[in-house]
Amino acid sequence: MGVLRSYQLRLRRKRWRIRAYRKSRELRCVVNRAQGVHPNALLVFSTQRNEMVRLPYFLEYYRKMGVDHFFLVDNDSTDGSAQYLAAQPDVTLYATRGSYKRSRFGVDWLNYLQIKFGHGHWCLTVDPDEFFVYPFCDTRPLRALTDWLDASSIKSFSAMLLDMYPKGPINSVTYEAGENPISLANWFDSGNYTIKKNPLFGNLWIQGGPRARVFFPDKPAAAPALNKIPLVKWDKSYVYASSTHNLLPRGLNLVYDSWGGEKASGILLHTKFLSTFEEKAREELTRKQHYAGSLEYQAYADGLDKNPDLWCKWSEKYINWRQLEILGLMSKGNWA
Amino acid sequence: MTVGIVMLAHSDLDRVEQIARHWVAGGCPVVIHLDKKVPKDAVAAFRDSLSDVADIRLSKRHKCEWGMWGLVAATQDASELMLSEFPQVRHVFLSSGACVPLRPVQELVDYLDANPDTDFIESATTSEVSWAVDGLEKERFTLRFPFSWRTQRRLFDRYVEFQRKLGIKRKVPAGLTPHIGSQWWCLTRQTLSAILQDPLRASYDRYFRRVWIPDESYFQTLARISSRKIQSRSLTLSKFDFQGKPHIFYDDHLQLLRRSDCFVARKIWPRADRLFDAFLRTPESALKQAEPQPSKIDRLFSRATDRRTRGRPGLSMQSRFPNESWENGLTAHAYTVLEGFDDLFEDFQPWLQRQVTSTVHGHLFAKDRAEFAGGETTYRGGLSDNAVLRDYNPHAFLKNLMWNTRGQHQCFFMGPGDVMDDIHWELVKDANANLFVISGAWLIQHFRSNQNFADIRADAALRQKLEREHLTALKSPFVKATHKVWTMAEFLEAPVENLRIVLDALEPGLGQGLTDTPKLTDLTGFGTFVRTLKNQGMHPYLLGDFDEGYDQPRQNAETRKPYLVR
């Protein structure tokens, strides 16, 4: 990486920071409970729209993990989820009617909130359908991980997106609020992921899984990216670049070892493929607010009409993080 | 007689208090050193909360930074206080705020009573140890280190470099042989007081003040002078990872720690409530006088280091993506690639699958689809047979297949009719690959096809070029694969013998017992076909020195070993 390149990236980072401030004018504070947040608090940042049915379990899951406070952006919900969130004692809620797409899919809004509230904290940035799993998560709270990362001078922690799906058609079982979505969508693809390196940002670009297998077999290059770096010891100079796939400064993207070893990493269980999915997909097709002209949703909708079963003979049934570790999807690294 | 506990603490004072109370309840007086960085009001609150305990003292506070002298100064002052305040103390045990006793205090007291004049201090000369990270083993004693490694890294490195260039070497004080070892020791009053009251202490202190990480060498070196009986090991279980920072224990290590029979362990995560509860509230009595057995914990942590530094061979994932030639194995396990066999023999794939326990796929890199064993459309791990998906990243396809099937030998066919221009180098460079090639055998497909001759000629020329590239790669210096190449002519000299070589490589001993042989393809007219091809200007030289009169399958093999080829 030459001097010119790194200067370009620096400018880009600055530009995104300015953009975050600019886009913050679209945000309106509904409830601010941030003054109660202590200096060591673990924070979750998320954007949501009409996720009422998912939110109860989402909040419960991360509270149990040891998250102290949630910073949420509500993007024009109509299902009462904003009121629900505003009533939660550990939620700071912002609302916006702004365009999801033009805030670079929520990244600008969250960058702003992270600059404002995240500085010096461990920040976990996840969608309401993403459930973070890390080594020893069944016996050690999230704080154990972040303390260990602090002690090891590690600033960012990767967790690949793992698409979960039910056996049989996606909409065959209805998901009810408060229910663990993993109990319905409990299958995944264990070994069909491809990795390339992004030469500019230094992050890995991972694709594959059931979405590539079923929805994108003929145009694999368009399959969604699965690499994510959701857990970061935030500094106000950082920005997420494209979703939580990569950040700047680029050193934060080096969450992998290049000399044969394994760094510690986790998984985001992605429970998009539930009974709620079809409706979402159809709505997004008319709103056209999602990535790459909603190409992804277009492909899903086509697939859904034909045969919405993602399950195959070689699907793995989810048990726990140790299973994911053995399968080589995540790693304990040198955390023992 | 009892044991005095010196505790160096800097944070999580509630835990420090809890541990200190535990020691005192077991009859051990405690001297606590709090880091200078702890805020004054926190110290005052701490002092207050402990005011009801008689046998706890707080010693003079020093600024303790890792690798610097402050830790030794703190230990010295605290030890002096211990020796002067508590005359009943015979052994002084150095511990930290993250050290938790695993066995009842009385067992430690008994153990030390049984070894009344033994000093437990890990102490070895620099040439004898390999644990020191950073390659400054000898130089920690011969250079000066006034700068902090943690906070002034650049100055630290520059100053080391500077001294090396000037050839500056400090003299070790006369009579001292530098020793290093774990910071956590347990010394007798005699030894400790001999160190602290040594008439030369001022000059020793002056020297060690500029030694790097003196807390791992000061007492370790001086104990060698004054001790009567040294056991060079620490009673504190403390493990370090590959970067030299201590491993941390959590609730899920409870059983492991219990079974270790160590007296004290560090570091315990301050929020590991279950561990604190288990060991401080209701310490379970192990067998009296049991010797510490940390080997299980050693294994756990050495596996962790191994995973971090070497990783799992053949695995590519989000946190392991090795640079070229650092893969430590391109794929996860051994596999076999057969080229040309299915052209030369009829129904070779099902035949081979009958002979071996390995999985026999078809052409995994065929143009239209990946021909998985059993004709499956998806395979282990969710690999799709879709050719576009596969060719999007064929290296990942191969790696994934071998990772997903680890433990089961895989076997597949290949030939220049496949999409092999990208993948064949990968196979050649992979030490796990076993390649068996019958060069030129693909021509049989043309021979049996119903194409126009001009098309055959063009296609054969193309395939010959591809196969030549592959064979050239197999002669390059980058070859790691095991391989054997026959021309088709060579192979036909003794087809069954050669087949045995392949089978023996797949499963040792299998070739010898071979009775059921595959049927050789009918080559009647092949000689004429080759001659025509040659006459039209396409020379199939990869066939080998092919007998142009070869218009019938060779009968000699049959006459020699009639049961072999039917």
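Visitor: Is Glu262(A) buried or exposed?
Guide: Welcome! This is a predicted model, and Glu262(A) is a good place to start. Buried means under 20% relative accessible area. The relative accessible area of Glu262(A) is 0%, so the residue falls in the class called buried.

Visitor: Which residue of chain B forms a salt bridge with Glu262(A)?
Guide: Let us look at where the partners sit. Glu262(A) is in the loop between β14 and β15 of chain A, and its partner is in the loop between α12 (295-309) and β13 (335-339) of chain B, so the pair joins two chains. The closest N and O atoms are 3.0 Å apart, and the partner is Arg312(B).

Visitor: Is Arg312(B) buried or exposed?
Guide: The limit for this class is under 20% relative accessible area. Arg312(B) has 10% relative accessibility, so the residue counts as buried.

Visitor: Which residues are linked with Glu262(A) in a network of salt bridges?
Guide: The pair you have just met belongs to a network with members from both chains. Besides Glu262(A), the network holds Glu325(A), Arg307(B) and Arg312(B).

Visitor: How many residues of chain B are in contact with chain A?
Guide: Let us take the two sides in turn. Chain A brings 61 residues to this contact. On the other side, the number for chain B is 47.

Visitor: What is the area buried between chain A and chain B?
Guide: The size of an interface is often given as the accessible area lost when the parts come together. Here carbon and sulfur atoms give 51% of that area. Glu262(A), Trp314(A) and Asn334(A) supply 18% of what chain A buries against chain B, more than any other three residues. The area between the two chains is about 4,500 Å².

Visitor: How many salt bridges are there between chain A and chain B?
Guide: One example is Arg271(B) with Asp147(A), whose closest N and O atoms are 3.4 Å apart. Over all chains the count comes to 40 salt bridges. Between chain A and chain B, the count is seven.

Visitor: How many nonpolar residues are on the side of chain A that touches chain B?
Guide: Across this interface, 37 residue pairs are in polar contact. Elements of chain A that each supply at least two residues to its side include α5 (142-151), β8 (159-163) and α9 (321-326). By class, that side has 17 polar and 14 charged residues, while the nonpolar ones number 30.

Visitor: Is Lys313(A) buried or exposed?
Guide: Lys313(A) forms a salt bridge with Glu376(B), the closest N and O atoms being 3.1 Å apart. This pair crosses between chains, with Lys313(A) in the loop between α8 (291-306) and β16 (316-317) of chain A. Glu376(B) is buried at 17%. Lys313(A) has 53% relative accessibility and the limit is over 50%, so Lys313(A) counts as exposed.

Visitor: How many residues apart are Arg90(B) and Asp113(B)?
Guide: Their side chains meet in a salt bridge, at 2.3 Å from N to O. Arg90(B) is in strand β4 (residues 89-96) and Asp113(B) in helix α4 (residues 105-114) of chain B, so the pair links distant parts of the chain. Asp113(B) is partly exposed, with a relative accessible area of 35%. The two are 23 residues apart.

Visitor: Which residues have the most contacts inside the largest nonpolar core?
Guide: In soluble globular proteins, nonpolar side chains tend to be buried together. The largest core here has 143 residues, and helix α2 (residues 55-65) of chain A gives the largest share, seven residues. Phe132(A) touches Tyr61(A), Met65(A) and Leu268(A), among others. The residues with the most contacts inside this core are Tyr62(A) and Phe132(A).

Visitor: What is the phi of Asp76(A)?
Guide: Most residues other than glycine have a negative phi. Asp76(A), in the loop between β3 (69-75) and α3 (81-86) of chain A, has a positive one although it is not a glycine. The value is about 60°.

Visitor: Where is Pro249(A) found?
Guide: Most peptide bonds are trans. The bond from Leu248(A) to Pro249(A) is cis, with omega near 0°. Pro249(A) is found in the loop between β14 (246-248) and β15 (266-270) of chain A.

How values were computed:
Residues numbered from 1 in each chain as written. Chains lettered and ligands numbered in written order. Predicted model: local features only at pLDDT ≥ 70, side-chain atom pairs only at ≥ 80, totals over all residues. Heavy atoms only, no water. Helix = DSSP H or I, 4+ residues; strand = E, 2+ residues; numbered from the N terminus. Contact = heavy atoms within 4.5 Å. Buried area = accessible area lost by both parts, 1.4 Å probe. Salt bridge = Lys/Arg side-chain N within 4 Å of Asp/Glu carboxyl O. Polar contact = N/O pair within 3.5 Å; in protein donor to acceptor, adjacent residues only side chain to side chain. Nonpolar A, V, L, I, M, F, W, Y, C, P; charged D, E, K, R; others polar. Core = buried A, V, L, I, M, F, W, Y, C linked by side-chain atoms within 4.5 Å. Buried < 20%, exposed > 50% of the residue type's maximum accessible area, 1.4 Å probe, protein only. Lists of a residue's contacts leave out its neighbours within four places in sequence.
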